[in-house]
Structure formats: C-alpha cells, structure tokens
Amino acid sequence: MNPRLMRLQGDFSRLQDLEARSSMVKIEQMVGAPPEKYELTLLCRSIIRLENHQPVYANQHRLSIILGKDYPRISPEFKMLTPIWHPNIHETEGWICMGHEGVDRRGYSPSMGLDDLVIRVIQIIIYENYSK
C-alpha cells in the first residue's frame, strides 16, 4: 500500500475511534475505500446567526471534509454544510479558516491526524479556538 493510502486508512481508523469515544462526532457518509470524503454531524452548541443583535444557537452541525489528491501534504478542505456564525467560517460558502500558525498559514501540519483536525473544528465553532 502506498503512503497516502496508509495515511487515509489510519485517519479513517482514528476518526472511527473519535466517534466511538465522543458524543460530539457522528460519521454520516464516506466516499472511497479508504475514505477521501466525509460528512459528519457535530453535536455541540454553536451560534448559527444573530437576530436583533442576539445569538441564535443550534446543537447539530454538518461538516464536509475532502482529503484532496495532495493530502496529507496539503490541508483537507473543511466546509460547514449548515449555517454557523463565526469569524473563521465564510458566511455563505462555509469554508473554515483553521488559523495562521503552521505550515500553510491555516494552522495545518501534515503530522496532524484527521481526528485532531475535527477536534480543532469543534473548538472553532464553540469559540474555544479562533483567529481575528
């Protein structure tokens, strides 16, 4: 098996382990063997919009992950499929900015596992980790 396929298989195993030990992550869909695309439900409270300058919350959020042909050298694409109101998430497109530290200035390093990155996304949407 080539190194990329081994990495994809390892990420899949770690993501399954994260789902098993966390009440916040549910794998909904996968494409590929091993998977290169995922849709997850994240079960955590986050702001989805403002109404009259007051936050409106939801407890379920859909996340798309695409592990492109250059993954893990290049960061996965993370996109929220449900509305989130957050400075690191594009308002209409849902793309997530992972921060400015790291290799590609988005807070990503090839040594990071997909499970760690999903935890980072959760930390972003619950306002534990964000960049201005």
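Which side chains meet in a salt bridge with an N to O distance of 2.8 Å? In this predicted model, the pair is Asp-11 and Arg-14. The two residues are 3 positions apart in helix 1, so about one helical turn separates them. A search of the whole structure finds 11 salt bridges.

Helix 1 spans residues 3-21 and includes Met-6. Together with Met-1 and Leu-5, Met-6 forms a nonpolar surface patch of about 330 Å². Asp-11 and Arg-14 also take part in the contact between helix 1 and helix 2, to which helix 1 further contributes Leu-15, Leu-18 and Arg-21. On the side of helix 2, the contact is made by Leu-114, Asp-115, Val-118 and Ile-119. By class, this contact comprises 5 nonpolar and 4 charged residues, with no polar residue. The axes of helix 1 and helix 2 (residues 114-125) are 8 Å apart and meet at an angle of about 45°; the two helices are therefore oblique to each other.

Backbone geometry was also examined in the loops. Most residues other than glycine have a negative phi, and most peptide bonds are trans. A cis peptide bond, with omega of about 0°, joins Ala-33 and Pro-34, and Pro-34 is located in the loop between strand 1 (25-32) and strand 2 (35-51). The peptide bond joining Tyr-71 and Pro-72 is likewise cis, with omega of about 15°; Pro-72 belongs to the loop between strand 3 (54-66) and strand 4 (77-80). In the loop between strand 2 and strand 3 lies His-53, which has a positive phi of about 65° although it is not a glycine.

Conventions: Residues are numbered from 1 along each chain as its sequence is written. This is a predicted model: local features need pLDDT of at least 70, side-chain atom pairs count only at pLDDT 80 or more; totals for chains, interfaces and linings use all residues. Side-chain values use heavy atoms; hydrogens and water are left out. Patches are made of residues with over 30% relative accessible area and no salt bridge: like charges are joined within 9 Å, nonpolar side chains (Val, Leu, Ile, Met, Phe, Trp, Tyr) within 5 Å. Accessible areas come from the Shrake-Rupley method with a 1.4 Å probe; for residues, only the protein chains shown count as cover. A salt bridge is a side-chain nitrogen of Lys or Arg within 4 Å of a carboxyl oxygen of Asp or Glu. Helices (H or I, at least four residues) and strands (E, at least two) are DSSP runs, numbered from the N terminus. Axes are lines fitted to C-alpha atoms, for helices over the stretch in contact, and angles run from 0 to 180 degrees between N-to-C directions. Angles under 35 degrees count as roughly parallel, over 145 as roughly antiparallel, 65 to 115 as roughly perpendicular and the rest as oblique. Contact means heavy atoms within 4.5 Å. Ala, Val, Leu, Ile, Met, Phe, Trp, Tyr, Cys and Pro count as nonpolar, Asp, Glu, Lys and Arg as charged, and the others, Gly among them, as polar.
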